[in-house]
Amino acid sequence: TKGVTNIDALRQLQTQWKEIGPVSPAQRNEQWQRYHFLIDKFYDNLRINRELKELDLQKNLEGKIELCEKAEELLLEQSIKKAVEALNHLHEQWKQLGPVPREQKETVWERFKAASDKIYDKRKVYFNSLDVERAGNLEKKEALCAELEALLQEVPKDHQGWVKQSEAVEKLQASWKTIGFAPKAQNTAIWRRFKQATDQFY
């Protein structure tokens, strides 16, 4: 019968075979041999399918172990950005791999997740420190803006005064360049404030 692919279907056929009753003695031996030949063939195919499935599961397991090793190697990557980008790529590969043997499914996933969590924790620590640093940069830039704006209130009386004030502005500009980014939400505004003050001076 076409499409016989599981044990339940085979058992139904075996029940039907028994219910049909005997055939003529002349055909009994031939029918019996053919019947057992087909059952043997079914079990051979079933065994081959199981072996192929086991090989496939094992191959998937090897692939996922390799992804675990690559994720663990990323813990040594100095650049958090590169590590996270590479890890995201590994997660995509993980999704594309099929199932692994049931008894190892949890273990291999926990290993991969543990490495992933460590990398994401490093990213969190990095961004928290970056937020603190940028908040400090904003304070420094606000102080430079205030100092520059105070200079604008003083109008030099002679050439020497203008030279001195120009030098002070240039010093503030040089200091600005040594300070990193402010928080993203305020970075453009603080730059415009500083630039407007320098433009006003010149």
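**Notebook: helix H6 and its surroundings**

I began at glutamine 186, which is found in helix H6. The model I was reading is a predicted one. Glutamine 186 has a relative accessibility of 36%, and therefore I entered this residue as partly exposed. I then looked up its distance to alanine 135: the two C-alpha atoms are 9.6 Å apart in space, although 51 residues separate the pair in sequence.

**Entry: overall composition**

I next recorded the background for the whole protein. The secondary structure amounts to 6 helices and 0 strands. Read from the N terminus, the order of elements is α-α-α-α-α-α. Of the 202 residues, 24% are buried. For contacts with a separation of 6 or more, I noted that 74% join residues 24 or more positions apart. The exposed area of the protein is about 15400 Å², and 52% of that area is supplied by carbon and sulfur atoms.

**Entry: geometry of H6**

I checked whether the length of H6 is consistent with its residue count. H6 covers residues 184-201, which is 18 residues, and at 1.5 Å a residue the helix should span 26 Å. I found its end C-alpha atoms 27 Å apart, which agrees with that expectation.

Which residues of H6 are buried? I listed Asn187, Ile190, Phe194, Ala197, Thr198 and Phe201. They lie on the same side of H6, because the arc they cover around the axis is only 110 degrees. The spacing has a general background: an α-helix has 3.6 residues a turn, so residues three or four places apart point the same way.

I turned to the other side of H6 and found Ala185, Ala189, Arg192, Gln196 and Gln200 exposed. As for what the buried residues of H6 face, they pack against helix H4, residues 102-152, and helix H5, residues 159-178.

**Entry: salt bridges**

I searched the whole structure and obtained 6 salt bridges. As a general remark, side chains of opposite charge can pair when their charged atoms come close. I examined three of the pairs, as follows.

What links H6 to H4 in this search? I looked at arginine 193 and glutamate 149, which form a salt bridge with their closest N and O atoms 2.8 Å apart. This pair links distant parts of the chain, since arginine 193 is in helix H6 and glutamate 149 is in helix H4, 44 residues apart. Arginine 193 has 30% relative accessibility and so counts as partly exposed. Glutamate 149, at 28%, also counts as partly exposed.

Within H4, I noted a salt bridge between the side chains of lysine 113 and aspartate 117, with an N to O distance of 2.9 Å. These two residues are 4 residues apart in helix H4, which means that about one helical turn separates them. I entered lysine 113 as partly exposed because its relative accessibility is 33%. Aspartate 117 is partly exposed as well, at 32%.

In helix H3, residues 80-96, I found lysine 95 and glutamate 92 to be 3 residues apart, and therefore separated by about one helical turn. They form a salt bridge in which the closest N and O atoms are 3.6 Å apart. Lysine 95 is exposed, with a relative accessible area of 61%, whereas glutamate 92, at 40% relative accessibility, is partly exposed.

**Entry: the segment after H6**

I followed the chain past H6 to tyrosine 202, which lies in the segment after that helix. Is tyrosine 202 buried or exposed? Its relative accessible area is 58%, so I recorded it as exposed. What does tyrosine 202 contact, apart from its neighbours within four places in sequence? I found contacts with Val169, Glu170 and Gln173. For valine 169, I also looked up the C-alpha to C-alpha distance to tyrosine 202, which is 9.6 Å for residues 33 positions apart in sequence.

**Entry: a nonpolar surface patch**

Lastly, I inspected leucine 55, whose place is in helix H2, residues 25-73. Leucine 55 has 59% relative accessibility and therefore counts as exposed. Together with Ile48 and Leu52, Leu55 forms a nonpolar patch on the surface. I entered the combined accessible area of these residues as about 290 Å².

Terms used: Residues are numbered from 1 along each chain as its sequence is written. This is a predicted model: local features need pLDDT of at least 70, side-chain atom pairs count only at pLDDT 80 or more; totals for chains, interfaces and linings use all residues. Side-chain values use heavy atoms; hydrogens and water are left out. The expected span of a helix is 1.5 Å times one less than its number of residues. Buried means under 20% relative accessible area, exposed over 50%, partly exposed in between (1.4 Å probe, protein chains only). The arc is that of the directions from the helix axis to the C-beta atoms. Contact means heavy atoms within 4.5 Å. Patches are made of residues with over 30% relative accessible area and no salt bridge: like charges are joined within 9 Å, nonpolar side chains (Val, Leu, Ile, Met, Phe, Trp, Tyr) within 5 Å. Accessible areas come from the Shrake-Rupley method with a 1.4 Å probe; for residues, only the protein chains shown count as cover. A salt bridge is a side-chain nitrogen of Lys or Arg within 4 Å of a carboxyl oxygen of Asp or Glu.
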